[in-house]
Amino acid sequence: MTLDPHAAAVADAFLDEQAERRDHLVVALSGAHAYGFPSPDSDLDLKAVHVAPTRTLLGLGTPEQVADRLEVIEGVEVDYTSNEIGGVISGVLAGNGNYLERICGAFLLRRDPDLDELQVLTRAALSRRFHHHYRGFAKAQRKALDRTQAASTKKALYVLRTTLTGRHLLETGELVVDVRELHDRSASPTRPSSSPVRRRGRRSRSPRPTSSAGAPASTRPSPPSTTPASAPPSPTKLPTNPPSTTGWSPCAAAATAEPSTRAPRPSTDRVIG
């Protein structure tokens, strides 16, 4: 993935200016450009990690922990955030995927030679906490998408990207943020290409299949019948419980339960002679 020449020139000039104010350990490209679905109006998401000077850490003052800047430069919207390395390391140990993507991301615009050592330590700290981060983030994005009045393909792609990144990280320990690469890695030989789906998704929202009653139609196939075609219908009264969708039902449970060892209760019916 490469930026167009104009956006790359804007990013370089902007980062040169910021480098005079703080010592960057790494600057990563994030957002739609890194995730594989940029649009002509996509902003430049620049996420950095900086190292505060030792004198500010040992002095009586408070070192700069976070630096934010949002502005439009020559028609390009730049969204820049940099966090001090102390807070970033604490976040990595807690499973913060945002910091993980800054340190081990594939789209790094600036990097210090010391980053190599930090990458090794970060990969050694990978745990299920990162999967919890991506899962929670994907759920929040999905809820926001469901509340949106108008359909948005880009918002849906953000949900898909976060979900696939978290799953791939949990399964392989490898960080991949590009949704196109994630799809290609998870696609099977019998799975159709995603290109037509993406093209259709840009134009419209794919409707969900619905039943005649208006509810989403189930795609689960019906189980094969075990009753011969010529057998008469069973006189047994049907249970009042609704059919289970998980494969369990009260009738099945009762049929497989162990026989009761309790003695039969004596009949209280009176016999009329």
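A polar contact is a pair of N or O atoms within 3.5 Å, where, within protein, one atom must be able to donate a hydrogen and the other to accept it. With that in hand, let us walk through this structure, which is a predicted model.

**A first contact: His-33**

His-33 makes a good starting point. Its side chain reaches the backbone oxygen of Asp-43 at 3.2 Å, which falls within the 3.5 Å cut-off for a polar contact. His-33 sits in helix α2, and it counts as buried because its relative accessibility is 11%, under the 20% limit.

**The chain as a whole**

Stepping back, the chain is built with eleven helices and five strands. It has 273 residues, and 30% of them count as buried. Among contacts with a separation of 6 or more, 60% join residues 24 or more positions apart. The accessible surface comes to about 19,100 Å², and carbon and sulfur atoms own 55% of that area.

**The second largest pocket**

Helix α2 also appears in the next feature, the second largest pocket, where it supplies at least two lining residues. This pocket holds about 320 Å³ of space. Its lining counts 20 residues, and those nearest the centre are Ser-30, Gly-31, Tyr-35, Asn-98 and Glu-101. Besides α2 (32-35), the elements that each give at least two residues to the lining are β1 (23-30), β2 (44-51), α5 (97-104), α7 (128-146) and α8 (153-172). Sorted by class, the lining has nine nonpolar, six polar and five charged residues.

**Helix α5 and its surroundings**

How much of α5 is buried? Seven of its eight residues are, so the helix is largely enclosed by the rest of the structure. The buried ones are Gly-97, Tyr-99, Leu-100, Glu-101, Arg-102, Ile-103 and Cys-104. Glu-101 is thus on this list and is also one of the residues nearest the centre of the second largest pocket. At the start of the helix, a side-chain oxygen of Asn-96 comes to within 2.9 Å of the backbone nitrogen of Asn-98.

Glu-101 turns up again in the contacts of Thr-165, a residue of helix α8. Apart from neighbours within four places in sequence, Thr-165 touches Glu-101, Tyr-134, Leu-175, Val-176, Val-177 and Leu-182. With a relative accessibility of 0%, Thr-165 counts as buried.

Gly-105 lies in the loop between α5 and β5 (108-111). This glycine, too, counts as buried, because its relative accessibility is 17%, and the limit is 20%. Setting aside neighbours within four places in sequence, Gly-105 is in contact with Leu-100 and Leu-175. Leu-100 belongs to the buried set of α5, while Leu-175 is also among the contacts of Thr-165.

**Two glycines and their distant partners**

Gly-86 belongs to helix α4 (residues 85-94). Is Gly-86 buried, partly exposed or exposed? Its relative accessible area of 34% makes it partly exposed, since that class runs between 20% and 50%. The table places its C-alpha spacing to Gln-65 beside the one between Gly-105 and Gln-119.

| Pair | Apart in sequence | C-alpha to C-alpha |
|---|---|---|
| Gly-86 and Gln-65 | 21 residues | 8.5 Å |
| Gly-105 and Gln-119 | 14 residues | 9.8 Å |

**A positive phi at Glu-74**

One last stop is Glu-74, in the loop between β3 (66-73) and β4 (76-84). Most residues other than glycine have a negative phi. What is the phi of Glu-74? It is near 50°, a positive value in a residue other than glycine. Glu-74 counts as exposed, because its relative accessibility is 63%, over the 50% cut-off.

Methods. Residues are numbered from 1 along each chain as its sequence is written. This is a predicted model: local features need pLDDT of at least 70, side-chain atom pairs count only at pLDDT 80 or more; totals for chains, interfaces and linings use all residues. Side-chain values use heavy atoms; hydrogens and water are left out. On a 1 Å grid over the protein atoms alone, a cavity is a set of points where a 1.4 Å probe fits but cannot get out, and a pocket is an open set with protein on both sides within 12 Å along at least five of seven lines; lining residues have an atom within 4 Å of a point. Grid points are joined across faces, edges and corners, and a volume is the space filled by probe spheres set on the points. Helices (H or I, at least four residues) and strands (E, at least two) are DSSP runs, numbered from the N terminus. Ala, Val, Leu, Ile, Met, Phe, Trp, Tyr, Cys and Pro count as nonpolar, Asp, Glu, Lys and Arg as charged, and the others, Gly among them, as polar. Buried means under 20% relative accessible area, exposed over 50%, partly exposed in between (1.4 Å probe, protein chains only). Contact means heavy atoms within 4.5 Å. Accessible areas come from the Shrake-Rupley method with a 1.4 Å probe; for residues, only the protein chains shown count as cover.
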